[in-house]
Amino acid sequence: MKFFVDTADLGDIRDMAAAGMVDGVTTNPSLIAKSGRPFLAAIADICALVDGPVSAEVAATDHETMLAEGRRLAAIAPNVAVKVPLTVDGLRTCRVLADEGVTVNVTLCFSPQQALLAARAGAGFISPFIGRLDDLGQDGIGLVRDICEIYRAHDSISTHVLAASIRGPLHIVEAARAGAHAATVPPQILRALYRHPLTDAGLETFLTDWRQTGQSILDVSEAAD
Ligand code: G3P
């Protein structure tokens, strides 16, 4: 499963890319507003930092304006994925942009039937929002499972499931178990993924015992026996 980072913060993206943890980036209007940066420049900077898909979301709600915005966003860099909401106009725009060779990430997906319509419209990615369903006491991971099962049943569907609205490591594990192609993860959750107290404790013990051998792996005088 691929790991995307869900942020528009360049510092976080740079850090996670240096750690080899970024297969792509997703932004949305709220994340762009939080960054405080001009939208088009922020997307251009992010696209220069990572090779993978960078999702940039349209702001309009009518098809004609969404299409104009989507074309402008797609022109920023070859790795831009244009994000459109799962509405009738968003699906119309997805179909036209996909036919023009633009990768489209259809976002704000909350039902399997919405995901079916997005695949039919040629979406490159579908973004089911796990956390926001969980916040209502509904089954966010169940939605990811349903979409993966339905998509796997149809060879004609090439849309990738991008698990979104991630609230913690278990969402990532369950999304991977369900067969999601990728998860888009807030930076602070990505950083927590590889941490475990037993790893830290075990490494400290290894290092203490190694130091007592007085040996050095790189010491040229230590010829192999
Ligand atoms: O950016 C798409 C999605 O991951 C945002 O979800 O619930 O964290 O705002 P949320």
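Me: Hello! In which strand is N105 found?

Reply: Happy to help, and please keep in mind that this is a predicted model. The strand that holds N105 covers residues 104-109. That strand is β5.

Me: Is N105 buried or exposed?

Reply: The relative accessibility of N105 is 0%. Buried means under 20% relative accessible area. N105 therefore counts as buried.

Me: With which side chain does the side chain of N105 make a polar contact?

Reply: Stay with N105 in strand β5 for a moment. Its side chain has a polar contact at 3.0 Å. The partner is the side chain of S55.

Me: Strand β5 also holds L108. What is notable about the phi of L108?

Reply: Most residues other than glycine have a negative phi. L108 is a residue other than glycine, yet its phi is positive. The value is near 60°.

Me: Does L108 count as buried, partly exposed or exposed?

Reply: Two cut-offs matter here: buried is under 20% relative accessible area and exposed is over 50%. L108 has 32% relative accessibility, so it falls in between. L108 counts as partly exposed.

Me: Let's turn to the ligand. Which residues are around it?

Reply: The shell around the ligand divides into two nonpolar, three polar and four charged residues. By name, they are D6, N28, K83, F129, R132, A164, S165, R167 and T184.

Me: How far is an oxygen atom of the ligand from an N or O atom in the side chain of D6?

Reply: Several side chains of the shell offer polar atoms to ligand oxygens. For N28, a polar side-chain atom lies 2.9 Å from a ligand oxygen, and for the side chain of S165 the distance is 2.7 Å. For D6, an N or O atom of the side chain and an oxygen of the ligand are separated by 2.6 Å.

Me: How much of the area that the ligand exposes when taken alone does the protein bury?

Reply: The ligand takes up the space of the largest pocket. Taken alone, it exposes 310 Å². Of that area, the protein buries 85%.

Me: Where does S165 lie, and is S165 buried or exposed?

Reply: S165, one of the residues around the ligand, lies in the loop between β7 and α9. Although S165 is not a glycine, its phi is positive, about 55°. Its relative accessible area is 9%, so S165 is buried.

Me: Which residue of strand β7 is 22 Å from R195, C-alpha to C-alpha?

Reply: Strand β7 covers residues 160-163. The residue in question is 32 residues from R195 in sequence, and its 0% relative accessibility makes it buried. It is A163.

Me: How far apart are the C-alpha atoms of I126 and G20?

Reply: I126 has its place in strand β6, residues 125-128, and is buried with a relative accessible area of 0%. Along the chain, I126 and G20 are 106 residues apart. Their C-alpha atoms are separated by 24 Å.

Me: And the whole chain: what share of its residues is buried?

Reply: The chain has eleven helices and eight strands. Its C-alpha atoms fill a box of roughly 70 × 35 × 35 Å, taken along the principal axes. Of the 225 residues in the chain, the buried share is 44%.

Terms used
Residues numbered from 1 in each chain as written. Predicted model: local features only at pLDDT ≥ 70, side-chain atom pairs only at ≥ 80, totals over all residues. Heavy atoms only, no water. Near = heavy atom within 4 Å. Polar contact = N/O pair within 3.5 Å; in protein donor to acceptor, adjacent residues only side chain to side chain. Areas by Shrake-Rupley, 256 points an atom, 1.4 Å probe, with all protein chains shown as cover. 1 Å grid on protein atoms, 1.4 Å probe; cavity = no way out; pocket = protein on both sides within 12 Å on 5 of 7 lines; lining within 4 Å. Sits in = over half its atoms within 2 Å of the grid points. Nonpolar A, V, L, I, M, F, W, Y, C, P; charged D, E, K, R; others polar. Helix = DSSP H or I, 4+ residues; strand = E, 2+ residues; numbered from the N terminus. Buried < 20%, exposed > 50% of the residue type's maximum accessible area, 1.4 Å probe, protein only.
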